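Colleague: I am new to this structure and would love a close look at a single part. Could you pick a spot where helices pack and walk me through it, with a word on the aromatic rings afterwards?

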Amino acid sequence: MTFTPSYIPLFASGEFHQRLQELEAMLESCRVCPHDCGNNRVNNELARCYSGYLPVVSSYCQHFGEEPALGGSRGVGNIFLGNCNLRCVYCQNFQISQNWKIERMNEVSFERMAEMMLELQGKGVHAIGFVSPTHFVPQIVRALSIAIPRGLNLPLIYNTNAYDSVDVLRLLEGIIDIYLPDLKYSDDDFGYKYSKVKMYTGISRAAIREMHRQVGSDVVYGDDGVVKRGLIIRHLVLPNDLASSEDTLHWIAKELDNRVTLSVMSQYYPTHKAVTTELLDRGIRESEYDKVLRLLEKYGFENGWMQDFESHDYYRPDFKDRIEPFKVEV
Ligand code: SF4
């Protein structure tokens, strides 16, 4: 079966342009993300994310670091957006997410961003991935409006911190094929303390609920064994249970579905301000990671991947065989 990205029929129907207009209107008094700053980004007024009108692209490349079911043999064509609407003290990309004076020099035209997508497609990647796209959604869709009639024909991955506006996500229905949110916290105090955002729990859950409404619980694979459509929730395990892993997994199982695909990550290490932040200034312990793996079993998750504790390589594409030994050891 040949997979057709959902934006192809949307573009042909004219609906895509209607969505683009609605998204661009949000820039005039910015409500592109839940911060609702109200600044005029068309006039380059900066606010929380330090981002003006044109998109900031820090880099773009054929990337092999995503989950194997996304990267396949030819990788994801990632486009890394500069700046961010969060301020995570442990951000592993802080050089591009929290460095707006430098990033301002990486502004590109919509035309150039469209060329990047087509260039990556020419390299044979399986999908185009937008990394930290939240604050640049209208700009991404504007660039897509140039790339699609020129032949862009790959699934789009929305790789986000989940602090997304539901109104914006609704306008992305039928444009984005694969949602890849990172569900960071289930405690608003931790969200504020470590990422400087209010109400992370409710906002991220509402966003992921909307993503789930659009693409459902079951991931669709292509003939090449690579994901073409669906929702994959990432969960980075933090030291001292700052990610509230049990609350997070319980919510997914109870409010969404335990058939939802998860990606459990062990790769946390203290960097940026976390090096001197109490409770975050060490890596996770194996016992902390094992506890989360047992929770996968407790809540009946079977779809997804988990990183090896030490190497951070991904295990095989379902949890079952990895979880069973922990049952024995308990
Ligand atoms: S996208 Fe940026 S300017 Fe717009 S509401 Fe969010 S943080 Fe504020």
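Modeller: Happy to; what follows is a walk through one helix pair and then some ring pairs. Please keep in mind that this is a predicted model.

Let us begin with helix 11, which covers residues 245-256, and helix 12, which covers residues 286-298. Their axes lie 10 Å apart, and the two helices pack at an angle of about 20°. Because angles under 35 degrees count as roughly parallel, helix 11 is roughly parallel to helix 12. The crossing of these two helices is right-handed.

Which residues meet there? Helix 11 brings Ser 245, Glu 246 and Leu 249, and helix 12 answers with Val 292, Leu 295, Leu 296 and Lys 298. Sorted by character, the residues of this contact are 4 nonpolar, 1 polar and 2 charged.

Now to the rings. The structure contains 9 aromatic pairs. One of them joins Phe 190 and Tyr 194 in a tilted arrangement, with 6.0 Å from centre to centre and 40° between the planes. Both residues belong to helix 9 (residues 188-195), and because they are 4 residues apart, about one helical turn separates them. Are these two buried or exposed? Phe 190 is partly exposed, as its relative accessible area is 22%, whereas Tyr 194 is buried, with a relative accessible area of 2%. The cut-off for buried is under 20%.

Elsewhere, Tyr 163, Tyr 185 and Tyr 200 are linked by ring pairs into a cluster.

Definitions and conventions
Residues numbered from 1 in each chain as written. Predicted model: local features only at pLDDT ≥ 70, side-chain atom pairs only at ≥ 80, totals over all residues. Heavy atoms only, no water. Axes fitted to C-alpha atoms, helices over the stretch in contact; angles between N-to-C directions. Parallel < 35°, antiparallel > 145°, perpendicular 65-115°, else oblique. Left-handed = near helix turned anticlockwise from the far one by under 90°. Contact = heavy atoms within 4.5 Å. Nonpolar A, V, L, I, M, F, W, Y, C, P; charged D, E, K, R; others polar. Phe/Tyr/Trp six-rings, centres within 6.5 Å; stacked < 30°, edge-to-face > 60°. Buried < 20%, exposed > 50% of the residue type's maximum accessible area, 1.4 Å probe, protein only.
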